[in-house]
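Please open the model in your viewer and keep the sequence panel beside it, since this tour moves from one selection to the next. At each stop, make the selection first and then read what is there.

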Amino acid sequence: MSMNTQGRPTAAGDAGDAFRPKTFTGNRGLDMEEPLIFEFGSLETTGVDLDEDDSAEFELGSFKRKAEIGLPGLAEPEAMRHYVRLSRNNYAIDSGLYPLGSCTMKHNPRLNEKMARLPGFADIHPLQPVSSVPGALELIDALAHWLMVSTNTSAVAMSPKAGAHGELCGMMAIKAAHTAAGRDPKIVLVPESAHGTNPATAALLGYKVVNIDAKDDGTVDLEALKKTIAEHEGNIAGIMLTNPNTCGLFEREVKQIADLIHKADAYFYCDGANFNAIVGKARPGDLGVDAMHINLHKTFSTPHGGGGPGSGPVVLSQRLAPFAPLPFIRKTEKGVELVETEAATKDGEQPFGRMTAFHGQMGMYVRALSYMMSHGSDGLRQASEDAVLNANYIRVGLQDLMSLPFGERPCMHEVLFDDSFLKDTGVTTLDFAKAMIDEGYHPMTMYFPLVVHGAMLIEPTESESRAALDLFVATMRDLVMSAKRGETERFSGAPYLAPRRRLDETGAARKPVLKWTEPAPAEVTPAAAE
Ligand SMILES: *Cc1c(COP(=O)(O)O)cnc(C)c1O
């Protein structure tokens with residue numbers, strides 16, 4: 001699909017959909033073809049009609065506006081329709097099953113939204129006096145408490161703003177601990193199946209990343225780990241391990257891995273993005289983890305991706321607890337106290353600095369605590385169990401037709417297929433995913449993790465009903481059979497029915513067009529005017 005000069009894809013294509021009428025408006029049924037807000041309306045038609053005020057003296061000197069401000073002008077109902085129509089183009093967990101592996105599209109109960117909008121939480125400002133927000137501090141402290149309880153750890157840094165930011169925070173704490181002990185190891189070990197953010201984090205801190213091979217079953221090869229540790233003795237800062245890993249498999253030898261790492265004077269960083277599979281079942285602190293970020297947006301609900309920000313608190317073991325960054329909350333007899341400066345720290349507290357200007361994502365904290373408290377420990381455990389059950393239900397429903405790279409062993413909260421079942425069909429992983437869109441499903445995660453060829457990583461939300469999973473499985477089976485029958489057209493041009501067809505995603509990422517500029521008026525030649 002080609003882009004117009006504004007970086008917007010040109011209108012819905014024609015290949016393969018000759019049977020569908022091209023509408024005069026560009027609308028499809030009740031799905032409206034919506035232009036950018038700048039492309040229609042002008043200030044003359046705005047719904048607001050203010051008097052010109054020439055009486056006030058302009059006091060900003062050279063900042064006086066010299067040209068029209070260029071705002072779009074719309075009547076109130078037009079503005080309303082514009083945003084409602086745009087929102088209909090947004091696929092969300094609220095509109096359908098969203099099997100995006102690794103990203104964990106959690107159920108977001110409306111109760112959380114109601115709590116986050118309470119004025120006492122929603123309307124506070126990070127610069128207002130701490131004495132005026134004791135309730136907000138108590139909420140952060142209560143959430144911190146339950147994060148430590150559910151992980152069996154000693155401290156938690158609340159401020160990181162997403163998973164990757166949490167990784168950076170945890171690894172900075174590890175670096176600070178090594179520095180405090182007079183050590184300066186240079187290497188961080190990262191298993192083959194790691195999320196891309198893990199090696200990126202280590203590299204950002206100046207560490208050399210050394211890869212650890214996986215066994216045929218997709219988990220860390222303990223013998224390879226031993227060998228690598230021996231090779232780099234005394235020079236290893238830590239390991240960054242995801243558990244359950246990005247193949248959706250639990251690292252069963254995690255305790256042996258932790259022991260080997262600790263014996264090497266190194267720390268065990270666990271990427272906890274997949275904590276949603278084990279909450280209430282296993283506590284990372286019991287597995288020897290020293291630092292782990294928790295993606296609140298993947299484990300304790302809260303909308304994310306296009307729908308809202310994330311939050312990545314990092315729990316820390318006893319050994320790393322003194323190195324938590326500023327600010328942190330300290331409990332005193334008088335209540336909770338916010339420690340914001342190094343001058344306010346006490347003996348033994350050695351914060352490595354700050355991760356962020358203020359205190360973190362307050363709205364996410366409220367949602368996460370609301371989710372935790374409304375579920376209770378039994379409810380949280382059941383959410384983990386349901387996530388694992390749903391993924392395995394899909395695995396069993398598809399394993400005879402699609403290909404499991406690591407055999408028919410149970411998976412955790414997500415199931416990984418590779419593309420060998422598409423061999424000789426002429427259909428690629430990408431084609432297959434695009435055809436899912438025509439069926440009304442957001443595609444699963446594709447081509448990740450990199451350890452298998454043409455990966456398709458499926459993670460159903462824990463709250464999906466059996467009927468919804470059955471329909472998904474039946475749809476996937478229909479697509480697979482269609483590919484195997486050689487009906488390549490259904491795939492090669494898909495999606496046929498979406499408002500947009502195949503977009504130039506690489507072009508959009510590499511050369512984003514972020515600013516609208518008014519197109520030059522089209523030149524009207526006599527021939528065209530006829
Ligand atoms: C999502 C994810 C991350 C990154 O988290 P963000 O909140 O997107 O920064 C890191 N590791 C794994 C395994 C993940 O699934």
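Which atom of the ligand is 3.4 Å from an N or O atom in the side chain of His195? Select the ligand together with His195, bearing in mind that this is a predicted model, and you will find that the atom in question is a nitrogen of the ligand, paired at 3.4 Å with an N or O atom of the His195 side chain. With the ligand still selected, consider its surface: taken alone the ligand exposes 380 Å², and the protein buries 84% of that area.

Next, extend the selection to the shell around the ligand, which comprises 13 residues, and pick out Gly163, Ala164, Asp271, His297 and Lys298, the ones that come nearest. Two of these can be followed through their backbones: a backbone N or O atom of Gly163 lies 2.7 Å from an oxygen atom of the ligand, while a polar backbone atom of Ala164 is 2.8 Å from a ligand oxygen. If you colour the shell by residue class, you should see three nonpolar, seven polar and three charged residues.

Now display the helices behind this shell. Both α5 (163-180) and α9 (296-299) supply at least two of the residues around the ligand, and α5, with three residues, gives the most.

For a wider view, select residues 179-305, the range that an unreviewed UniProt entry lists as "domain: Aminotransferase class V". Over this range the chain is 27% helix and 20% strand, and a distance drawn between the end C-alpha atoms comes to 36 Å.

From there, go to Gln361, which is found in the loop between β9 (335-339) and α10 (362-398). Is Gln361 buried or exposed? Its relative accessibility is 17%, and because buried means under 20%, Gln361 counts as buried. To see what surrounds Gln361, leave aside its neighbours within four places in sequence and show Lys161, Pro309, Gly310 and Ser311, with which Gln361 is in contact.

The last stop is Glu34, in the segment before α1 (76-88). Glu34 also counts as buried, because its relative accessibility is 9%. Display the side chain of Glu34 together with that of His82, and you will find the two joined by a polar contact of 2.8 Å.

How values were computed
Residues are numbered from 1 along each chain as its sequence is written. This is a predicted model: local features need pLDDT of at least 70, side-chain atom pairs count only at pLDDT 80 or more; totals for chains, interfaces and linings use all residues. Side-chain values use heavy atoms; hydrogens and water are left out. A residue is near a molecule or strand if one of its heavy atoms lies within 4 Å of it. A polar contact is a pair of N or O atoms within 3.5 Å; within protein, one must be able to donate a hydrogen and the other to accept it, and residues adjacent in sequence count only if both atoms are side-chain atoms. Accessible areas come from the Shrake-Rupley method with a 1.4 Å probe; for residues, only the protein chains shown count as cover. Helices (H or I, at least four residues) and strands (E, at least two) are DSSP runs, numbered from the N terminus. Ala, Val, Leu, Ile, Met, Phe, Trp, Tyr, Cys and Pro count as nonpolar, Asp, Glu, Lys and Arg as charged, and the others, Gly among them, as polar. UniProt positions are given in the numbering used here, feature names are shortened, and annotations may be inferred rather than shown by experiment. Buried means under 20% relative accessible area, exposed over 50%, partly exposed in between (1.4 Å probe, protein chains only). Contact means heavy atoms within 4.5 Å.
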